[in-house]
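Here are my notes on this one, mostly on the aromatic side chains. Have the viewer open while you read.

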Amino acid sequence: MSKMYRSFKPFLTIWAFFFLFIPISIHAQSDLSSGEKTLAREMAELSKLTFEDLMNLEITSVSRKAQKMSEAAAAIFVITNQDLRRSGVTSIPEALRMVPGLQVARIDATKWAITSRGFNGRFANKLLVLIDGRSVYTPLYSGVFWDIQDTLLEDVERIEVIRGPGTTLWGANAVNGVINIITKQAKETQGGLVTAGTGTEERGFGSVRYGAKLNDDTCYRVYAKYFDRDSGVDGVDNWHVVRGGFRMDWEPANGNSLTLQGDIYDNTTGIRLTVASLTDPYTLTFDESIESTGANLLSRWKRTISGTSDILLQLYYDWDERNTPLMNYTRDTFDIDFQHRFSLSERQSVIWGLGYRFISDNINNTFSVSFHPDSRDDNLFSAFLQDEIILVEDRLHLTLGSKFEHNDYTGFEIQPNARLIWTPHSQHSVWMSVSRAVRTPSRADEDRRINQKVFPPGTYASQIVVRSLLGNNDFESEELIAYELGYRVQPMDRLSLDITAFFNDYDNLRTYESGEPFYETSPSPPHLVIPITADNKMEGETYGVELAANWQALDWWRLQAAYTYLQIQLHLAGDSKCILEKRTEGENPHHQVSFRSSMDMSRDLEFDLWIRYADNLPSQDIGSYITLDTFLVVDASKDDVRIGIQRCEDPFGKIPVIERERSYAVGSDDFCQHRQVFYHCPPERQQILCAKRYHSEQQHNKACHHHHCGKLAPD
């Protein structure tokens with residue numbers, strides 16, 4: 001407990017400042033200024049934008065600067081806050097199912113497997129995930145613990161997803177894609193929000209958020225969130241989370257801006273484990289829990305020099321601790337990132353930056369899982385340079401750049417990139433790219449040992465035999481050369497298409513190779529070890545096509561469709577004995593289809609439908625399946641009623657039982673919110689469910705006064 005307090009102490013000091021001192025200096029601010037109401041009206045109109053307008057939304061993940069999505073020479077997809085609201089998702093992984101090119105699979109009630117363009121698994125290691133610019137990609141296993149990545153979905157402004165390499169700007173491990181979750185500024189979440197509920201599966205949930213002004217230039221918000229979910233698989237994968245956080249934005253009129261934000265969480269999940277043992281019966285199965293605790297603090301300063309020049313400095317600290325029956329793990333991460341953008345000439349825009357990351361971890365080993373050494377400090381130095389060149393005004397743009405990194409595993413890595421976009425007409429654009437990316441080794445690739453299975457005496461030898469998975473100090477970076485070709489077209493005002501084809505050429509992919517047995521006397525009793533060691537004896541290719549279509553069929557009816565085709569072909573080296581290539585090829589669906597229909601049938605009636613199809617996964621013995629979600633929103637005087645019919649044929653079988661929940665909302669005369677509540681669908685069953693739909697904070701100016709949920713009252 002004292003160790004946890006020491007790790008949290010700096011963070012708790014800042015929280016104490018916020019909760020004890022800031023309220024003293026705040027006036028009662030229930031009334032919003034006319035400027036804020038104007039901003040609220042503008043943000044609320046997002047739900048009425050056409051696809052052309054959405055294509056002109058500003059994004060930042062492709063070039064590390066604001067640019068129109070239609071001008072990006074990359075496969076980019078944006079999930080807006082409006083998409084989150086109308087789709088009915090309750091978590092970030094669920095929302096990612098909207099994105100063509102992503103493979104999203106739910107393992108149980110708490111675990112997800114998410115990747116881009118293949119190689120999916122619990123710890124998919126070729127996808128970089130960021131939350132407001134802070135990396136949540138764990139260096140322990142090369143992947144993401146999705147059970148601890150959360151925030152209030154009401155506070156998410158958008159989720160930008162790049163399919164394909166993003167290593168030139170974001171560094172190693174952004175091999176097949178980048179997911180950047182961007183939350184709203186504090187000024188966009190002014191007022192109060194309280195939600196609460198209970199049910200048979202969702203045994204209790206609630207959240208509270210409050211946003212206000214410190215002065216004309218500074219806004220802040222604080223939030224807390226809690227839920228307690230019953231188990232969904234085998235009665236063991238229950239989930240309990242407490243989370244809180246804050247954000248403060250300072251934006252004076254002198255071109256400077258400063259953001260300070262942080263989060264703290266405590267997460268408990270249930271799990272059933274089967275582990276090897278050196279004593280009879282040599283295998284143990286038991287139910288246990290995983291305790292995850294963490295905190296992060298981020299600051300970001302930006303100085304705008306001119307319309308073509310700015311400076312950005314970001315620092316963050318991230319602490320997390322994960323205690324499991326197999327091992328206990330503590331990690332501290334400090335990261336500093338600097339970037340500078342300027343115009344070299346009227347036709348050239350340059351952005352460059354430097355970065356440093358320090359990671360320190362400490363692991364308590366067990367017989368089942370151990371790391372050697374059990375404590376390690378790693379340093380990552382990086383620099384990047386990118387030059388955007390206008391070859392033909394408004395027609396042809398070329399982007400050249402590279403990332404330069406030095407890590408403690410493989411040393412120096414170079415990851416160059418070239419992108420070209422041609423816009424022969426305002427409604428047509430063609431882009432292409434060639435990139436090199438690497439996935440650097442993780443702690444597990446080099447230092448881990450897993451004792452997978454113990455064979456009793458007499459099975460293979462007269463003594464006990466242990467099969468062990470071992471790391472390799474000579475493990476090399478996995479390498480990718482990626483080729484992409486994209487076409488965006490708007491053949492008519494109400495129809496847009498976005499098509500991307502890609503071919504990825506991989507080398508040095510991870511394999512596990514059998515080695516020479518050796519004898520061990522510790523731990524007792526003595527035993528023979530059959531080692532299976534990580535190596536780089538596989539290469540391969542993936543190729544596919546991704547399609548996103550958006551059709552505004554009528555003023556009140558919008559249709560969205562997405563299709564993904566993926567093919568994986570892997571080849572082992574001649575001396576390899578690994579059997580992973582066939583398994584990996586069959587862990588990703590060849591075909592995925594998504595179809596969404598959004599109808600504003602009247603001022604007081606919305607109807608949404610979402611159908612998804614995923615192809616079979618032969619390696620997992622999972623057949624193809626279809627999900628169907630429908631939602632009807634009806635204005636019922638003061639409140640909206642949302643009726644949902646959800647039918648799933650869930651590939652994992654038992655997730656989760658029907659949840660019966662209730663919720664309520666509170667607010668002042670000037671600001672009111674109603675929390676939307678949705679329900680997980682039981683496999684092969686159907687249920688009609690109701691819940692109040694919330695007013696988004698951007699719609700508070702008159703919507704709550706006139707009780708037109710989701711619609712602004714006329715001036």
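1. A definition before the rings come up: two rings of Phe, Tyr or Trp (the six-membered ring, in the case of Trp) pair if their centres lie within 6.5 Å, and planes over 60 degrees apart make the pair edge-to-face. With that rule, ring pairs join Phe 123, Tyr 141, Phe 145 and Phe 371 into a cluster. Keep in mind that the model is predicted.

2. The overall picture, briefly. DSSP-based assignment gives the chain nine helices and 35 strands. The chain has 715 residues, and 56% of them count as buried. Of the contacts with a separation of 6 or more, 62% are between residues 24 or more positions apart. About 29,300 Å² of the chain is exposed, with 56% of that area coming from carbon and sulfur atoms.

3. Back to the rings. The count of aromatic pairs comes to 10. One of them is Tyr 141 with Phe 371, an edge-to-face pair with 6.3 Å from centre to centre and 80° between the planes. This pair links distant parts of the chain: Tyr 141 sits in the loop between strands S7 (134–135) and S8 (156–163), while Phe 371 belongs to strand S19 (residues 369–371), 230 residues apart.

4. Are these two partners buried or exposed? Tyr 141 counts as buried because its relative accessibility is 17%, and the cut-off for buried is under 20%. Phe 371 is buried too, with a relative accessible area of 0%.

5. Now compare Phe 338 and Trp 352. Their ring centres are 5.5 Å apart and their planes are at 65°, so this pair is edge-to-face. Phe 338 is in strand S17 (residues 328–345) and Trp 352 is in strand S18 (residues 348–364), so the pair ties together parts 14 residues apart in sequence. As for exposure, Phe 338 has a relative accessible area of 24% and is partly exposed. Trp 352 is also partly exposed, at 28% relative accessibility.

6. Last, the charges over rings. Which residue lies over the face of Phe 145? Arg 322 does, at 3.9 Å from the ring centre. Phe 145 is also one of the rings in the cluster with Phe 123, Tyr 141 and Phe 371. Elsewhere in the list, Lys 126 lies over the face of Phe 119, at 4.6 Å from the ring centre.

Terms used:
Residues numbered from 1 in each chain as written. Predicted model: local features only at pLDDT ≥ 70, side-chain atom pairs only at ≥ 80, totals over all residues. Heavy atoms only, no water. Helix = DSSP H or I, 4+ residues; strand = E, 2+ residues; numbered from the N terminus. Buried < 20%, exposed > 50% of the residue type's maximum accessible area, 1.4 Å probe, protein only. Contact = heavy atoms within 4.5 Å. Areas by Shrake-Rupley, 256 points an atom, 1.4 Å probe, with all protein chains shown as cover. Phe/Tyr/Trp six-rings, centres within 6.5 Å; stacked < 30°, edge-to-face > 60°. Lys NZ or Arg CZ within 6 Å of the ring centre and 35° of its normal.
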